[in-house]
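Reader: I have a structure to go through with you. May I show it and put some questions?

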Amino acid sequence: MEMKPLTRVILGLVCLLVAIWLVAPTLVVVPMSFNGNKSLAFPPQGFSWQWYQNFLTNPDWSSSFLNSLKVASIVAVLATVLGTLAAFGLDRMKARPANLLRMLMLTPMVVPGVVLAIGIYAVYLDARLVGTLVGFVLAHTILALPFVLIAVSASLEVFDRRLETAAASLGAGALTTFRTVTMPLILPGMLSGLLFAFATSFDEIVVSLFITNPYLKTLPVQIFSSITRDADPTVAAVGTILLCATTILIGGGMLLLGREPKGRQ
Amino acid sequence: MKPERQSKGAAIDLESISKAYGGFKALDGISLRIEPGEFMTLLGPSGSGKTTTLNVVAGFTDVTSGKLVVGGKSVVGVPAHKRNIGVVFQHYALFPHMSVGRNVAYPLTLRGVDQAQRKARVARALDMVKMGDFAHRYPSELSGGQQQRVALARAIVFDPPLLLMDEPLGALDKKLREWLQLEIKRIHRELGTTFVYVTHDQEEALVLSDRIAVFNRGRIEQVGTGRELYDEPKTLFVGRFVGDSTVLRGEARSDGASTALRIAGETVTAPRRIAGEASPVMLLRPEKLAIRRPGQSAVGTTNRLPGTIAEVIYLGSGSKYEVRLADGSTAIVRSPLTGESFGLGETVELCFDGADAKLLADDSTADATLT
């Protein structure tokens, strides 16, 4: 249907407003990170690179950044492996018990983070996992698993299982079939699950605040404590760096996965 | 029908194979021997058990009971990937993430064939199905017929002694289907492999097969060459499923040597009796029936039934008539071009020689699945 010019203008304006509303709070940190004064005031005054410098040289910042990177990488791999196995298993189960199990595994997405955090903290105190790498990895994997499960399940949904029958007739055992036929075809789902798992762990704050200690802090914990202690514009610098990094990562991922690979039906 | 081809195909023995899903018997005691190098077609309507039988041989479906021997070895309990049997599916089942060449090389890679030999055998298999120029394409870039030829190459490249085909041409249009039938026949002749072919299309079965096994309701009704099934059907189901036929039903009366049917006041006789107590029907092939104008003298025919022409189909090589009989049933008649022609609605007499009528037990309750 042909749209009237006036309608088109109004639609465009509304879209623009919504877009600004969604993006503006994120973009505010960019000018703030170049602030000449040690304050988080907006609009910023003066211009300097000092907060970026601080991020790179201050061990509090750089070590928490590396911690986050380490935790998120391990979580991404662990959650992808476990989530893919779970999705595969549920796909091959009878529908009723599978749906029940699936709901159970997705609960970390709907249970309030604070409730989960209290539970984890209580258990960790006894198990001496507070402030440990293992503790962070286990807690974040719980939160990241549902994303992998959803992404891989969606891929399996459109996967043609008759291809596995064909592979068997050609001489491939179950494991070889999975490696050579099933996995390559659900790889897009696994990769997007991996990406989501990484992002989930990397910016997780609620649970992390409970299980952190001075020896092991992740970046979001460091940002939070820094901003409650003193209004350090390094936070804005970190925010800007993360903004750029995630834009490149997600954008690149979308380009990579969105492209129709040759030979896909 | 098995010429001097050097036979490297496997023999298959199915012995009292049964498969039950809960209370439903998909296969009810199937016994069938397939000779090495034979082209055997499993023919039947959907749900008759032909595909289940194929899946049992391929190893995709377990049997509930019975014996299955392929190439002299019992394969009951042997998983599909260890049976070394080629399978072609109706839905092609090519791996979409691999090129044509890699698809065909797949079974060779699994068997550890070295690269030089692999290349040569892939090329040979693709040449055999006339797809040699397409090795670098992807399945999504090919038409249905091309995909199925690649699937065929993939199923024969590892030289299996047995090739199973499950309605491989079912998704293709008629012209392509007829051409590929001849291709499959040629490949069967060149390979000498045992072929087992599943179809619901009786014409396709007649074109391709050395022998045909007709399936109905989880049982085999009859096994034989196409000619045997057409000329000597053992059951009414086989007679009606293979080829066109006219079935005459009526009040039956038998004396020592012949059987008479009383149909809407007229009586037709056949010089034979049917064994047992089953109520007999007469089955007639279209070329065994003739049409006359009433009152015309009919030489050499013993039976006449009045009717009207309900449909005229011009076939080029002749004509096909549908004649509505007095009892409401329809007879199918084929007459050569040289014969007289009749118009729609014309009153005629249907004539046939009683000796040409097949007397069969009425199993019409058993062919409700006929389509």
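Reader: Start with one side chain's surroundings. Which residues does Met282(B) touch, leaving out residues up to four places away in sequence?
Author: This is a predicted model. Contact here means C-beta atoms within 7 Å. With sequence neighbours up to four places away left out, Met282(B) touches Leu248(B), Leu261(B), Val268(B), Ala270(B), Ala357(B), Lys358(B) and Leu359(B).

Reader: Is there a second core, and how many residues does that separate core have?
Author: There is a second, separate core. Its members include Phe55(A), Trp61(A), Val235(A) and Ala237(A). The count for this second core is 10 residues.

Reader: Back to Met282(B). How many residues are in the largest nonpolar core, where Met282(B) is among those with the most contacts?
Author: Met282(B) shares that rank with Ala197(A), Val104(B), Ala153(B), Leu164(B), Val196(B) and Val214(B). The largest nonpolar core has 132 residues.

Reader: Which element gives the largest share of this core?
Author: The largest share is 11 residues. They come from one element of chain A, spanning residues 133-158. That element is helix 6 of chain A.

Reader: Why does this core lie between domain 1 and domain 2 of chain B?
Author: Domain 1 of chain B covers 12-240, and domain 2 covers 246-367. The core lies between them because residues come to it from both domain 1 and domain 2 of chain B.

Reader: How far apart are the C-alpha centres of these two domains of chain B?
Author: The contact takes 8 residues from domain 1 of chain B and 11 residues from domain 2 of chain B. On the domain 1 side, the largest share is 4 residues, from helix 8 (residues 236-241) of chain B. By class, that side has 3 nonpolar, 3 polar and 2 charged residues. The C-alpha centres of domain 1 and domain 2 of chain B lie 38 Å apart.

Reader: Strands next. In the open sheet 11-15-21 of chain B, what is the average twist from one strand to the next?
Author: The three strands pair in the antiparallel sense. Strand 11 (246-248) and strand 21 (358-361) of chain B are the edges, each pairing on one side only. From one strand to the next, the twist averages 35 degrees.

Reader: Which residue of strand 15 of chain B is the bridge partner of Thr246(B)?
Author: Strand 15 of chain B spans residues 280-284. Strand 11 of chain B pairs with it over 3 bridges, antiparallel. The bridge partner of Thr246(B) is Leu284(B).

Reader: In the open sheet of 4 strands in chain B, what is the strand order?
Author: The edges are strand 2 (24-34) and strand 5 (73-74) of chain B. Strand 1 (residues 12-21) of chain B is joined to strand 2 by 8 bridges. Within that pair, Leu14(B) has Leu32(B) as its bridge partner. The pairing in this sheet is antiparallel, and the order is 2-1-4-5.

Reader: Now the two chains. Which helix supplies the largest share of the side of chain A that touches chain B?
Author: In the contact, 18 residues of chain A meet 20 residues of chain B. Helix 7 (162-169) and helix 8 (174-202) of chain A each supply at least two residues of the chain A side. By class, that side has 8 nonpolar, 7 polar and 3 charged residues. The largest share, 6 residues, comes from helix 7 of chain A.

Reader: What percentage of the residues of chain B count as buried?
Author: Chain B has 8 helices and 21 strands. Its C-alpha atoms fill a box of roughly 80 × 45 × 40 Å along the principal axes. Of its 371 residues, the buried part comes to 41%.

How values were computed. Residues are numbered from 1 along each chain as its sequence is written. Chains are lettered from A and ligands numbered from 1 in the order in which they are written. This is a predicted model: local features need pLDDT of at least 70, side-chain atom pairs count only at pLDDT 80 or more; totals for chains, interfaces and linings use all residues. Two residues are in contact if their C-beta atoms, placed from the backbone, lie within 7 Å. Ala, Val, Leu, Ile, Met, Phe, Trp, Tyr, Cys and Pro count as nonpolar, Asp, Glu, Lys and Arg as charged, and the others, Gly among them, as polar. Two strands pair if DSSP finds at least two bridges between them. A nonpolar core is a set of buried Ala, Val, Leu, Ile, Met, Phe, Trp, Tyr and Cys residues joined through C-beta atoms within 7 Å. A residue is buried if 20 or more other C-beta atoms lie within 10 Å of its own, exposed if 12 or fewer, and partly exposed in between; C-beta atoms are placed from the backbone. Domain bounds come from an automatic or database domain assignment. Axes are lines fitted to C-alpha atoms, for helices over the stretch in contact, and angles run from 0 to 180 degrees between N-to-C directions.
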